[in-house]
Amino acid sequence: MPRTCTFCGAGDITKEHIWPKWSQSYLSEKRPVPHVQQTVQDGRDDEERTWLQRSLDMKVGTVCGSCNNGWMSNLENTVKPFFIGAFEGRGRELHRALQRDLAAWGLKTTMMVEHQQKPARYVIPPSEYAHLYQRREPSLDVLVWMTAYTGIKTSALGHLYGLDADMAIDPDPGRGTRDIWGSTVVFGPVVFHLLGTDIPGLLTDVVMKTPNTHRLWPYKRTSTWTPTPGLNDSELPRFTEGFLEQLLRQGGSGRQRRPMRI
Ligand SMILES: [Zn+2]
């Protein structure tokens with residue numbers, strides 16, 4: 001079957017680096033690092049796929065030339081000065097427009113990481129792809145935070161997970177979307193965390209209390225990101241687990257319309 005662009009449906013698929021090529025002159029990467037995608041559901045075995053690859057070499061063939069060289073390239077160029085400053089050890093005030101663009105970049109990168117998987121293993125709903133393409137920003141079903149990474153193990157990394165909420169039904173494991181999805185994206189000293197669901201109210205009370213952690217989307221207030229303090233190599237996995245624990249607690253509170261047992 002001929003492949004078509006994930007965003008616009010055009011047929012001229014191009015191969016693109018997941019992590020921008022210019023970053024190779026800033027980020028050294030001596031050895032392959034493990035990459036993980038997992039899906040989790042209560043009462044069933046976790047599915048997990050792990051592979052070793054040099055992150056900065058990763059390419060994915062899922063978008064067309066006009067998306068690649070058009071809006072996606074524009075988005076890269078908009079956030080590039082922030083990343084270069086971060087790679088050179090500088091912090092920056094994050095005003096509203098920059099927060100929006102960084103959140104969009106985190107989502108776009110998460111989507112490219114997702115497309116290293118088979119479609120049956122996708123976790124992000126197609127509507128979120130359509131929203132990013134049409135509006136150049138995440139939908140209000142997505143929360144995005146940013147913090148810092150001071151570890152040494154990775155230069156660029158995307159972790160994705162997906163959860164199913166309602167155990168009363170037995171969803172098709174190959175349906176290619178999950179009720180709740182999330183990702184952690186590390187790019188040099190910058191860490192994004194994304195959390196998405198269309199379950200009403202589930203994201204309302206999710207907060208992240210780690211130091212130097214800024215909520216980018218939906219916009220709340222201007223803040224200043226700095227390269228330190230940041231998560232080290234043992235704290236980074238716990239950052240993701242912290243979100244999962246909050247969701248578990250909220251799921252047990254009975255405030256959601258749909259029962260949630262993860
Ligand atoms: Zn396209």
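Select the zinc ion and its four donor atoms: the site is tetrahedral, with angles of 100 to 113° among those donors, where four donors count as tetrahedral if all angles lie between 85 and 135 degrees. For comparison, the ideal angle for four tetrahedral donors at a metal is 109.5 degrees. What you are looking at is a predicted model, in which local features need pLDDT of at least 70 and side-chain atom pairs count only at pLDDT 80 or more, while totals for chains, interfaces and linings use all residues. Residues are numbered from 1 along each chain as its sequence is written, and side-chain values use heavy atoms, with hydrogens and water left out.

**The zinc site**

Now show the side chains of C5, C8, C64 and C67, whose SG atoms coordinate the zinc ion at 2.3 Å; donors are N, O and S atoms within 2.8 Å of the metal (3.2 Å for Na, K and Ca), and water is not among the atoms, so sites may look incomplete. Read along the sequence, the donor residues follow the spacing C-x2-C-x55-C-x2-C. C5 lies in the segment before β1 (13-17) and C64 in strand β4 (residues 59-64), so this pair ties together parts that are 59 residues apart in sequence. Helices (H or I, at least four residues) and strands (E, at least two) are DSSP runs, numbered from the N terminus. Are C5 and C64 buried or exposed? Both are buried, where buried means under 20% relative accessible area, exposed over 50%, and partly exposed in between (1.4 Å probe, protein chains only).

**Beside the site: S73**

Next select S73, which is found in helix α2 (residues 71-87) and, at 24% relative accessibility, counts as partly exposed. Leaving out residues up to four places away in sequence, S73 touches C67 and N68, and contact means heavy atoms within 4.5 Å. C67 is also one of the zinc donors. If you add P20, which is 53 residues from S73 along the chain, you will find 9.6 Å between the two C-alpha atoms.

**The nonpolar cores**

Turn to the interior and select F7, W19, F83, L102 and F192, which touch the most other members among the 49 residues of the largest nonpolar core. Such a core is a set of buried Ala, Val, Leu, Ile, Met, Phe, Trp, Tyr and Cys residues joined through side-chain atoms within 4.5 Å. Helix α3 (residues 96-114) gives the most to this core, with nine residues. In soluble globular proteins, nonpolar side chains tend to be buried together. Centre the view on F192, and leave aside its neighbours within four places in sequence: its contacts then include F83, L102, W105, V144, M146 and L216. A second, separate core has 21 residues, among them W145, I180, L195 and M208.

**H193 in strand β9**

Select H193, which lies in strand β9 (residues 190-197) and is buried, with a relative accessible area of 0%. Which side chains make polar contacts with that of H193? One such contact, of 3.3 Å, joins H193 to Y161, and another, of 2.8 Å, joins H193 to T184; a polar contact is a pair of N or O atoms within 3.5 Å, where within protein one must be able to donate a hydrogen and the other to accept it, and residues adjacent in sequence count only if both atoms are side-chain atoms. Not counting residues up to four places away in sequence, H193 also touches other residues, including L143, W145, F239 and F243.

**Backbone details in the loops**

Most residues other than glycine have a negative phi, and most peptide bonds are trans. Display the backbone from W217 to P218, where the peptide bond is cis, with omega near -15°; P218 is found in the loop between β10 (214-217) and β11 (223-225). A cis peptide bond also runs from T228 to P229, with omega near -5°, and P229 lies in the loop between β11 and α5 (235-251).

Then move to R136, which has a positive phi of about 60° although it is not a glycine, and which lies in the loop between α4 (126-135) and β6 (142-148). R136 is partly exposed, with a relative accessible area of 33%. N212, in the loop between β9 and β10, likewise has a positive phi, near 60°, but at 13% relative accessibility N212 counts as buried.

**Stepping back**

Finally, show the whole protein, whose secondary structure comes to five helices and eleven strands. Buried residues make up 54% of its 262 residues.

Conventions: Tetrahedral: all angles 85-135°; square planar, octahedral: opposite > 155°, others 65-115°.
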